[in-house]
Amino acid sequence: MEARCAEIVSSLFPLTSANRFCCGFELDIVVESEDCIVNLEVDGPHHQALKQRRIDARRNTFLARLGVSVARVALMGEDGKERPGS
């Protein structure tokens, strides 16, 4: 699913890369423009666990300090079930 998301985003934004490493972190999909960098994270079900949410929050804060905005897309609905097409 992450690869398909990367394809779609790349078709819309020319300066897009997937699975890029930054300061030891793997960023799922990175979109760059002249004035910002956005990291689009495609989150599977393990991101719902409290421990992983804390890790993700620390990571988001660190990336924000570097000027990278983070947007997360959950592959699971609030009911804990996989979303259609995931």
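Colleague: On the other side of H2, which residues are exposed?

Modeller: This is a predicted model, and its helix H2 covers residues 50–65. The buried residues of H2 include Gln52 and Leu63, and the other side of the helix carries the exposed ones. The residues exposed there are Lys51, Arg58 and Arg65.

Colleague: Why are the buried residues of H2 on the same side of the helix, and what arc do they cover?

Modeller: The buried residues of H2 are Gln52, Asp56, Arg59 and Leu63. An α-helix has 3.6 residues a turn, so residues three or four places apart point the same way. Around the axis of H2 the buried residues are therefore found on the same side, because they cover an arc of only 65 degrees.

Colleague: Which strands do the buried residues of H2 pack against?

Modeller: H2 lies across the strands of the sheet, and its direction runs at about 150 degrees to that of S4. The packing partners of its buried residues include strand S3, residues 37–43, and strand S4, residues 68–74. Listed in full, the strands that these buried residues pack against are S1, S2, S3 and S4.

Colleague: How far does H2 reach from its first C-alpha to its last?

Modeller: H2 has 16 residues, and at 1.5 Å a residue the expected reach is 22 Å. The reach computed from the model is close to that expectation, at 23 Å.

Colleague: What is the order of the strands in the open sheet?

Modeller: The protein chain has 2 helices and 4 strands, and along the sequence these elements follow the pattern α-β-β-β-α-β. The sheet is an open one of 4 strands with mixed pairing. S1 and S4 stand at its edges, each with a single partner strand, so one side of each is left without a neighbour in the sheet. The order of the strands is S1-S2-S3-S4.

Colleague: Do S1 and S2 pair in the parallel or the antiparallel sense?

Modeller: Strands of a sheet pair through backbone hydrogen bonds, either parallel or antiparallel. S1 and S2 form a hairpin with 2 residues between them, and Cys23 in the turn has a positive phi of about 55 degrees. One of the bridges joins Ser17 to its partner Val30 in S2. Over 6 bridges, the sense in which S1 and S2 pair is antiparallel.

Colleague: How many bridges join S3 to S4?

Modeller: S3 and S4 run parallel, and within this part of the sheet Asp43 stands opposite Ala74 in S4. The number of bridges that join S3 to S4 is 7.

Colleague: Which strands does helix H1 touch where it packs on the sheet?

Modeller: Helix H1 covers residues 2–12, and its direction makes about 25 degrees with that of S2. Where H1 packs on the sheet, the strands that it touches are S1, S2 and S3.

Colleague: Is the aromatic pair of Phe25 and Phe62 stacked, edge-to-face or tilted?

Modeller: The pair links distant parts of the chain, with Phe25 in strand S2 and Phe62 in helix H2, 37 residues apart. The ring centres of Phe25 and Phe62 lie 5.5 Å from each other, and their planes make an angle of 55 degrees. Planes under 30 degrees apart count as stacked and those over 60 as edge-to-face, with the rest counted as tilted. The pair of Phe25 and Phe62 is therefore, by the angle between its planes, tilted.

Definitions and conventions. Residues are numbered from 1 along each chain as its sequence is written. This is a predicted model: local features need pLDDT of at least 70, side-chain atom pairs count only at pLDDT 80 or more; totals for chains, interfaces and linings use all residues. Side-chain values use heavy atoms; hydrogens and water are left out. Rings of Phe, Tyr and Trp (its six-membered ring) pair if their centres lie within 6.5 Å; planes under 30 degrees apart count as stacked, over 60 as edge-to-face and the rest as tilted. Two strands pair if DSSP finds at least two bridges between them. The expected span of a helix is 1.5 Å times one less than its number of residues. Buried means under 20% relative accessible area, exposed over 50%, partly exposed in between (1.4 Å probe, protein chains only). The arc is that of the directions from the helix axis to the C-beta atoms. Contact means heavy atoms within 4.5 Å. Axes are lines fitted to C-alpha atoms, for helices over the stretch in contact, and angles run from 0 to 180 degrees between N-to-C directions.
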